[in-house]
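Let's take a walk through this structure together. Keep the model open and turn it as you read.

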Amino acid sequence: FFVPWMLAVRRVPTHLPAVVRRTMATATLPAFLEDMNNSYERLHKAFEDNFWATKMNLQGNSVAELTRTKGEYEAFLGNADHLAAVRGHLQSGTATPEQGHVLRIMEKTFTCYTTGSAEAARLKGQLTALEGELEDYRGKMPLGYTDPATGDFHSASSEQLRTHMRTEGSEAMRKACYEGLVSIGPYIAERFLEVVKLRNRFAKLLGYVDFYDYKVTQAEGFNKAALFQILDSLEQQTRPILAHARERLAKEKGPAALEPWNTGFMMAGEATTELDPYFPFERAVGVWAQTFAGLGIHYKGATMSLDLLDRQGKYSHGFFHWPPPAWRPAGGGGGAPV
């Protein structure tokens, strides 16, 4: 939402619900916008702090706290009174061009989260809790591979297993890592299906085909059928290219190169091994900073927290997140920790 606010003369539309008229009558537009921003930042930071702690598997992290703060954050965004108040301010005609721009962003955001149904809101709360339980269950999975030479089990994250599949010279070891990786599906299948069923039930209650249709429509502005038309066309046009690439790989490396535990290694294993000395891990942060600086991205004045070490229970995929969103408050300043 975040931009600096300016004073404006107020007119309260009489057709709005009473609770919204009272809110608008007791707060100027700048005060309303600042209150929305401050409330959003507080709830967003609480959720993102718990998101980071659980994803990084930090000591003392709590899935229950993540579920609670996510629920409070989404309840704020799904509050129908907030959406009505924003539309009331837009209809009042008192907003400056910059304020109008921010109000329209707020309207779009609140529209994406407001269900207009008490039953949908109840299902959304259940879904948040169920997703948290699934994530916790997956994080505690004893993931790894069984050494084909010794029969010993070795713990390894999904990222470690993928790395071994790309670089390990022994096909038997690559296959063992592949089997470890695909064991995730059966382990979470039953719980994941419960999430899928509840997601679809929630989406159908709102009039969508399924949850995927709901997410695509909210994010992209067109439905699942339109997206699949685009993707089907892309797949049809690239299918011959893929078929040719697989034929060439099998011809050059042998039919076994098409096995899922071999393809990545056959395509990049030797190159990855040879490049490793030129990109040592100990230089990773410096190279990363130089790369971003070369792009003109300096993060000046920001506080940055980086966690680059793999460990049991940690989320395996890299990501950025901003606990407080970057914004320019009325008194100046801004800039968010990353």
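Before we start, one working term: a contact here means heavy atoms within 4.5 Å. Also bear in mind that this is a predicted model.

With that in hand, go to phenylalanine 202. Setting aside residues up to four places away in sequence, Phe202 touches Thr115, Ala120, Leu123, Lys124, Phe211 and Tyr214. Phe202 also belongs to the largest nonpolar core, which has 22 residues. Along with Tyr145, Leu161, Ile184 and Phe211, Phe202 is listed among the residues with the most contacts inside that core. Which helices supply at least two residues each to this core? They are α6 (118-139), α7 (158-167), α8 (171-182), α9 (184-205) and α10 (211-220). The top contributor is α9, with six residues. There's also a second, separate core, this one with 18 residues, and Leu29, Met36, Tyr73 and Phe76 are among them. As a rule, nonpolar side chains in soluble globular proteins tend to be buried together.

Now zoom out for a moment. The protein chain has 13 helices and two strands. Of its 338 residues, 32% count as buried. Take the contacts with a separation of 6 or more: 64% of them join residues 24 or more positions apart. As for the outside, the accessible surface comes to about 20100 Å², and carbon and sulfur atoms account for 57% of it.

Next, have a look at helix α3 (residues 63-77), where you'll find glutamate 74. Is Glu74 buried or exposed? Glu74 counts as buried, because its relative accessibility is 15% and the cut-off for buried is under 20%. Leaving out residues up to four places away in sequence, Glu74 touches Tyr113, Lys124 and Thr128. You've met Lys124 already, since Phe202 touches that lysine too. Lysine 70 sits in helix α3 as well. Beyond its neighbours within four places in sequence, Lys70 is in contact with Phe47, Thr128 and Glu131, so Thr128 is touched by Lys70 and by Glu74 under the 4.5 Å contact rule. Lys70 and glutamate 48 are 22 residues apart along the chain, and their C-alpha atoms are separated by 8.5 Å.

Step back along the chain to the loop between α2 (29-55) and α3, and you reach asparagine 57. Although Asn57 is not a glycine, it has a positive phi of about 55 degrees. Asn57 counts as partly exposed because its relative accessibility is 35%.

Finally, the largest pocket. About 1000 Å³ of space lies in it, and 29 residues line it. Closest to the pocket's centre are Phe281, Asp307, Leu308, Leu309 and Gly318. Two elements give two or more residues to the lining, α7 and α13 (284-294), and α7 gives the most, with four. You'll recall α7 as a helix that supplies at least two residues of the largest core. By residue type, the lining divides into 16 nonpolar, seven polar and six charged.

Aspartate 307 is a good place to stop. Asp307 lies in the segment after α13, and apart from residues up to four places away in sequence, Asp307 touches Trp52, Met56, Leu58 and Lys314. The C-alpha atoms of Asp307 and Gly318 are separated by 9.4 Å, with the two residues 11 apart along the chain.

Methods
Residues are numbered from 1 along each chain as its sequence is written. This is a predicted model: local features need pLDDT of at least 70, side-chain atom pairs count only at pLDDT 80 or more; totals for chains, interfaces and linings use all residues. Side-chain values use heavy atoms; hydrogens and water are left out. A nonpolar core is a set of buried Ala, Val, Leu, Ile, Met, Phe, Trp, Tyr and Cys residues joined through side-chain atoms within 4.5 Å. Buried means under 20% relative accessible area, exposed over 50%, partly exposed in between (1.4 Å probe, protein chains only). On a 1 Å grid over the protein atoms alone, a cavity is a set of points where a 1.4 Å probe fits but cannot get out, and a pocket is an open set with protein on both sides within 12 Å along at least five of seven lines; lining residues have an atom within 4 Å of a point. Grid points are joined across faces, edges and corners, and a volume is the space filled by probe spheres set on the points. Ala, Val, Leu, Ile, Met, Phe, Trp, Tyr, Cys and Pro count as nonpolar, Asp, Glu, Lys and Arg as charged, and the others, Gly among them, as polar. Accessible areas come from the Shrake-Rupley method with a 1.4 Å probe; for residues, only the protein chains shown count as cover.
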